[in-house]
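Reader: Hi! Could you walk me through a few backbone and packing details of this one?

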Amino acid sequence: MKKTLVFSNHSDEMRVALLEDEKLMEIFFEDLEVGKLTGKIFYGRIENVVPALESFFVNIGAKKNGFLRFKDTTIDPDTLRRGSFIIVQVKKDGDVRKGPQLTMHINIPGKYMVYMPFGENSIGISKKIMSLSEKDRLREIGEMLIENEEEGIIFRTNSENVDFESLKEEFFQLKEIWENIKEKAKNSNKPALLYEDENFVDYILRERFDHSVNEIITDDKELFKRFNKEIKEINENVKIRKVDIDAFSWTNVYEQMDDMFARKIELPGGGVITIDKTEALTVFDIDSAGNVLGENVEDTSYKTNLEATVEIARQLRLRNIAGIILIDFIDMKDAKHKEEIINLFREESKKDKAKISISGFTKLGLLELSRKRTTPSIDALLFTQCPICQGTGKIASPRIVFRRVIKELEESLEDLKRGHNIKEVYTSVYHNLSGYFTKEKKKEIEEKFDVKLDLDFNWPDPNSYNIRYRK
């Protein structure tokens with residue numbers, strides 16, 4: 001599999017795409033990443049203690065107080081009071097209703113490892129490192145590096161086959177960052193930001209560049225120089241290319257970005273995936289549609305479901321979908337086919353940085369899984385809720401609104417005519433009602449109530465209307 005990182009720097013905005021075999025898998029926007037809090041470390045003040053929720057609400061200087069559960073503290077929660085200052089890290093960004101989720105179990109990530117000041121002498125190794133001898137080597141190095149019972153480390157995938165001196169150097173760099181964080185906290189007397197990633201490009205290189213990346217493409221001259229100098233030192237086999245046009249255009253990223261927003265995704269064999277999302281649940285529905293390539297119904301269903309599995313795993317990464325996920329595959333009678341679908345999903349999930357837990361097929365035949373959320377989905381970052389439909393995607397039918405207008409006109413005019421000399425009625429409605437307010441209907445109302453009815457079809461909201469009366 002060819003893996004490519006694309007850096008596009010146009011209109012003062014840095015964007016990065018991750019391609020696998022030239023297919024868009026993940027995308028990052030610098031201006032959107034800047035607003036994220038996940039991973040940042042703060043000096044926070046406890047504002048409220050809520051025993052019923054076994055949690056604290058912590059002021060970290062953001063718009064909303066953070067949410068710290070008792071179990072995410074590194075000390076006895078009974079010793080913490082309102083007004084106490086603590087060092088916390090954001091585990092998960094908040095949303096419109098909730099503040100960010102916090103923890104006192106600090107993680108400071110590097111290229112090769114994650115340093116944990118409160119790791120309790122633990123040594124973790126990436127599950128993607130398969131060699132037992134390499135795991136043993138890294139574990140021995142970890143035992144040599146850890147200096148006290150409190151701290152711990154996790155070796156990332158990039159640490160595989162990296163020499164001891166490089167690992168040691170990064171360990172003490174990360175440890176120095178922690179010492180600087182503590183010193184900064186000592187000198188603070190109010191909620192404050194203590195630590196964050198310094199640079200968007202550095203973050204992408206740390207989190208997405210590894211030995212599996214074959215190529216880096218950029219349209220930025222300075223980045224091209226930097227990559228040739230720094231990246232080649234890490235992996236001399238990476239091809240680094242500078243293009244003269246927008247790198248996203250060069251690699252057809254713009255065309256593939258439509259896949260992030262479509263409700264229906266067409267599969268190569270003719271099947272279709274429909275995606276419906278709620279606040280806590282995302283449902284994928286698969287339909288064979290035009291796929292008739294199988295030898296029989298079971299074979300067609302199986303082949304369509306295989307294609308859908310690969311595409312759904314891609315969509316989870318591309319849209320950064322998290323939470324509970326249900327997949328309504330086309331019904332398969334063969335239990336082996338279901339098992340192969342699960343195995344394929346597990347393989348595809350290994351490419352995902354987020355943790356995915358597969359629960360298996362339910363009694364109703366739905367595949368149930370969950371994907372860990374740390375940052376908002378692409379939907380949440382790029383879209384706001386429609387003020388007309390409130391996110392439902394539906395509006396009232398013209399017939400319903402028309403009946404409401406007629407009912408209000410008739411009831412109001414009957415009441416008003418008794419005590420007021422109403423001569424004119426101005427009614428504004430959405431343009432889709434033009435076929436209902438016929439000349440005949442307009443004349444009927446005017447004659448019945450002896451008024452002049454003026455209509456316009458420029459009202460902006462299809463769910464409502466406006467009626468004004470004049471003497």
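Author: Sure, starting with E22: this residue is exposed, at 59% relative accessible area (exposed is over 50%, buried under 20%, partly exposed in between, with a 1.4 Å probe and protein chains only). This is a predicted model, where local features need pLDDT of at least 70, side-chain atom pairs count only at pLDDT 80 or more, and totals for chains, interfaces and linings use all residues. Residues are numbered from 1 along each chain as its sequence is written, and side-chain values use heavy atoms, with hydrogens and water left out.

Reader: Where does E22 sit?

Author: In the loop between β2 (13-20) and β3 (23-29); strands are DSSP runs of E, at least two residues, and helices are runs of H or I, at least four, numbered from the N terminus. E22 has a positive phi of about 65°, though not a glycine.

Reader: And what is phi of N252?

Author: Near 60°, again positive in a non-glycine residue. N252 lies in the loop between α6 (247-250) and α7 (253-256) and is partly exposed, at 40%.

Reader: Switching to packing: how many residues are in the largest nonpolar core?

Author: There are 25, and I41, M113 and F155 are among those with the most contacts inside it. Such a core is a set of buried Ala, Val, Leu, Ile, Met, Phe, Trp, Tyr and Cys residues joined through side-chain atoms within 4.5 Å.

Reader: Which helix gives the most to this core?

Author: α3, with six residues.
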